[in-house]
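I opened the structure to record, entry by entry, what I looked up. The notes follow in the order in which I made them.

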Amino acid sequence: MPHADWVELNGRRVPLAAVRDEPDHYLKLLSAARTHKAAACLCLTPALPLVTRCSQTTGRHHLAVWPGQGPRHAPECAFHRLDRTMSGQGSYESAAIRDTADGTIAVRFAAPLISKPGQDRPQSVDQQACPGLGRRSVGLLGLLHYLWEEAKLSAWRRGARGRRWAEVSAALTEQLAGITISRRPAESVLHVVPPYRPESAEANLAAIDEFIASLRADANQIRRGFVLGEIAGIHKSKFGFRFQLAHQNPSPHLGIYLSPRLDNRLRRRYRHPFAAAADVVGGRRVGLFYIERSTGGFATAVDAAVMLTNRAYIPAERPNPHRELRARV
Ligand SMILES: [Zn+2]
C-alpha cells in the first residue's frame, strides 16, 4: 500500500518527517542508502527512487527528488513538483528559472554575485539597479517564494501543523542541492540557517563562519551571497541595525547588519510582516538576505526580502514566485 510521507532507506521504512527532523539520527541508514543507491519514496507503488545527497558544507545527508521525476510523485507527496512545461509559465521560466538538461534548475538572480572592485555596486535589488529584474531574472522576494514553493512549504499538509525549523531547513537544503543560482551551485552561495541542537552547535558555527569567509573580497573581486533564516529580533547597532536570526547564537558576531536606510526601506516595503508580526501571536518572519562580508568579517545586507508566516512556517500570503515577474512584464 502506498504511503505518502514515508520513505525507504536501504530496505527500512521510515517517516520522511523524522528523517528531516533528525538527519543525524538516521546517518547510518542515509549513508547506506547513498552508497547502495537505495532510497525510495513510498507515495506510490511501485516506489519511486530518490537521490541521497551529502552536503559538502555541512556533511549532512538529505533526500532529493530524482531529476525530472517530480511530476510523477503523488500530489500530496513532499517530492511532488509541478511539470514546468505544463504550468504555462514557460516564457518567464525560460529566462529567469529554467530546467536544464542535466536535471538541475538554473535560477538567474537579478543582481551580481561577483563584481570587480571599480564596478558599480547594486545598492538594492530593484528595477532601477537591475534592469533585467522581472523579465530575464528573479529578485529576492521571487527567489524566497520560489524556494518555499518548490520545497512544498507553502501549503498546509498533513503534519504541517507542528512543523519546526528543522524540517523547513532540511526541505530547503534539499532544494538547493538541485539548483544553481547565477551558474553557481546554490549550496555554495546560499546559507540556510541550520536548526539549533547542542550537539551540532559547534559545527553550525563553523559552517556560517566558513560561508561568510567565502565571501571575502580581494583586490579582484567582491563576492556576495545569501543567508536565509527566521528573524528573531532586531537590535540597534553602532551603524544601524542587527537582525538576529533564530537558531543562531545571539552574539553580535552573528546576525545580519543593515544600514538605517535599508532597515527603513524594508519596513516600508514589507509593512505587513513588520507590523503584523508584532501583533499576531505566533507570527514568524523569514528573511532572505543578499549579503556582503564587511572588512571586519560581519554579514552586511545589501538588500533583503521578508515574508510573514504562521507558527508552522506557512506563509500568510500564498507565495507566488512569478508575481514579481508578472508585475513588471
Ligand atoms: Zn513521493
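**Entry 1: contacts of I181.** I listed the contacts of I181 in this predicted model, leaving aside neighbours within four places in sequence. I found V107, F109, L113, L143, A186, V189, L190 and F226 in contact with I181.

**Entry 2: nonpolar cores.** I then looked up the largest nonpolar core, which has 64 residues. I181 is listed there with F109, W148, F226, L228, I256 and F289 as the members that touch the most others. Apart from this core I noted another, of 21 residues, including L9, L29, A33 and A78.

**Entry 3: the sheet.** I traced an open sheet of four strands, in the order β6-β7-β9-β10, with mixed pairing. At its edges I recorded β6 (97-99) and β10 (184-185), each of which pairs on one side only. I checked the pairing of β6 with β7 (residues 105-107) and found it antiparallel, over three bridges. Within β7, I identified A106 as the bridge partner of R98.

**Entry 4: helix α4.** I asked which strands α4 lies across. They are β6, β7 and β9 (179-181), and α4 runs at about 160 degrees to β7. I next looked up how many residues of α4 are buried. The count is 10 of 11, and the helix is mostly covered. I wrote down the buried residues as L140, L141, G142, L143, L144, H145, Y146, L147, W148 and E150. Two of these names recur in my earlier entries: L143 as a contact of I181, and W148 in the largest nonpolar core.

**Entry 5: after α4.** I noted a positive phi of about 60 degrees at K152, just after α4. I located S154 in the loop between α4 (140-150) and α5 (165-176). Is S154 buried or exposed? I entered S154 as buried, because its relative accessibility is 7%, under the 20% cut-off. The side chain of S154 makes a polar contact of 2.7 Å with that of E149.

**Entry 6: confidence.** I looked up a mean pLDDT of 84 for the protein chain, with 88% of its residues at 70 or more. By element, I found the highest mean, 97, in strand β11 (residues 190-192), and the lowest, 44, in helix α3 (residues 90-93). I marked residues 86-93, where pLDDT stays under 50 and the model has nine contacts beyond four places in sequence. I marked residues 325-329 likewise: pLDDT stays under 50 there, and the model has 13 such contacts. I keep a caution beside both marks: where pLDDT is low, the predicted coordinates should not be read in detail.

Key: Residues numbered from 1 in each chain as written. Predicted model: local features only at pLDDT ≥ 70, side-chain atom pairs only at ≥ 80, totals over all residues. Heavy atoms only, no water. pLDDT = per-residue confidence, 0-100. Helix = DSSP H or I, 4+ residues; strand = E, 2+ residues; numbered from the N terminus. Contact = heavy atoms within 4.5 Å. Buried < 20%, exposed > 50% of the residue type's maximum accessible area, 1.4 Å probe, protein only. Polar contact = N/O pair within 3.5 Å; in protein donor to acceptor, adjacent residues only side chain to side chain. Pairing = 2+ DSSP bridges. Axes fitted to C-alpha atoms, helices over the stretch in contact; angles between N-to-C directions. Core = buried A, V, L, I, M, F, W, Y, C linked by side-chain atoms within 4.5 Å.
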